[in-house]
Amino acid sequence: MPPPAPPTVLVPSERAVVLLSCALSALGSGLLVATHALWPDLRSRARRLLLFLSLADLLSAASYFYGVLQDFAGPSWDCVLQGALSTFANTSSFFWTVAIALYLYLSIVRAARGPRTDRLFWIFHVVSWGVPLAITVAAVALKKIGYDASDVSVGWCWIDLGAEDRVLWMLLTGKLWEMLAYVTLPLLYLLVRKHINRAGIGNTFQGGANCIMFVLCTRAVRTRLFSLCCCCCRSSQPPADSPAGPCEAPAPSKMGESQESRRTPEGLPST
């Protein structure tokens with residue numbers, strides 16, 4: 001068995017940046033999990049997907065933090081364990097990110113609801129947890145995960161550089177899914193954006209449309225609005241010798257009082 005490759009020397013500033021990044025990622029993921037646990041009214045379907053993504057990111061950040069902090073100098077059992085956990089969590093994170101984008105696309109563009117989304121959630125779980133788990137178990141069983149001398153990482157363990165098919169396993173344990181995510185995510189979000197731009201201009205006039213339908217096209221409401229406008233016009237220029245209020249009609253003459261009272265509908269001001 002060939003001796004392990006000499007480790008790549010890591011600058012302390014690089015380790016500090018990676019450790020800080022892992023800590024911030026773990027903190028953000030933990031806050032997302034905590035908000036989901038504390039406030040049940042926020043547990044929508046999309047936030048449930050975000051919860052599973054946060055769990056994968058939390059595990060990924062913790063495994064990377066341990067690897068950088070440990071600073072492996074050669075093959076060991078905890079190097080393989082750390083590499084397996086980071087491989088599973090990182091690959092699962094890519095799958096859950098694509099799952100969220102696909103769910104938004106189906107919900108907004110395809111208007112998928114009800115039992116269809118329930119079945120879709122089961123598919124998301126099977127793919128986003130099952131595929132990374134199968135890949136990780138296969139990589140560990142075939143002894144592909146191990147010490148990489150920090151040549152393709154920054155302090156943590158990943159694919160053993162002594163493996164002849166290491167490039168293939170690098171693709172299967174992360175890089176392939178990462179590249180597919182880089183292609184799939186912009187495509188899905190562009191389709192969602194295009195749908196919103198095409199279906200969105202009438203949404204900004206919903207209040208105006210409701211006003212036309214339920215106010216201006218309704219005779220009773222239209223009549224009362226006209227009466228209110230007349231009252232406002234009188235109040236702006238009240239007669240100097242009139243004791244009546246601005247919205248009160250002048251008293252009719254004695255001779256035509258009965259006729260005017262019969263002709264004027266009750267509830268409307270006389271003119």
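## Ser 60 in helix 2

Let's start with a residue in the middle of things: Ser 60 lies in helix 2. This is a predicted model, so please read what follows in that light. With a relative accessible area of 6%, Ser 60 falls under the 20% cut-off and is therefore buried.

Which residues does Ser 60 touch, not counting those up to four places away in sequence? They are Ala 89 and Asn 90.

## Helix 2 against helix 3

Now to the helices themselves. Two packed helices are described by the angle between their axes and the distance between the axes. For helix 2, which covers residues 45-70, and helix 3, which covers residues 77-108, the packing angle is about 155° and the axes are 8 Å apart. Angles over 145 degrees count as roughly antiparallel, so that is how helix 2 and helix 3 are placed relative to each other.

The crossing of this pair, helix 2 and helix 3, is left-handed. Sorted by class, the residues in the contact between helix 2 and helix 3 are 16 nonpolar, 10 polar and three charged.

## His 36 in helix 1

Our last stop is helix 1, which spans residues 12-38 and includes His 36. Is His 36 buried or exposed? Its relative accessibility is 13%, so His 36 counts as buried.

If neighbours within four places in sequence are left aside, His 36 is in contact with Arg 43, Arg 47, Arg 48 and Leu 51.

Key
Residues numbered from 1 in each chain as written. Predicted model: local features only at pLDDT ≥ 70, side-chain atom pairs only at ≥ 80, totals over all residues. Heavy atoms only, no water. Axes fitted to C-alpha atoms, helices over the stretch in contact; angles between N-to-C directions. Helix = DSSP H or I, 4+ residues; strand = E, 2+ residues; numbered from the N terminus. Parallel < 35°, antiparallel > 145°, perpendicular 65-115°, else oblique. Left-handed = near helix turned anticlockwise from the far one by under 90°. Nonpolar A, V, L, I, M, F, W, Y, C, P; charged D, E, K, R; others polar. Buried < 20%, exposed > 50% of the residue type's maximum accessible area, 1.4 Å probe, protein only. Contact = heavy atoms within 4.5 Å.
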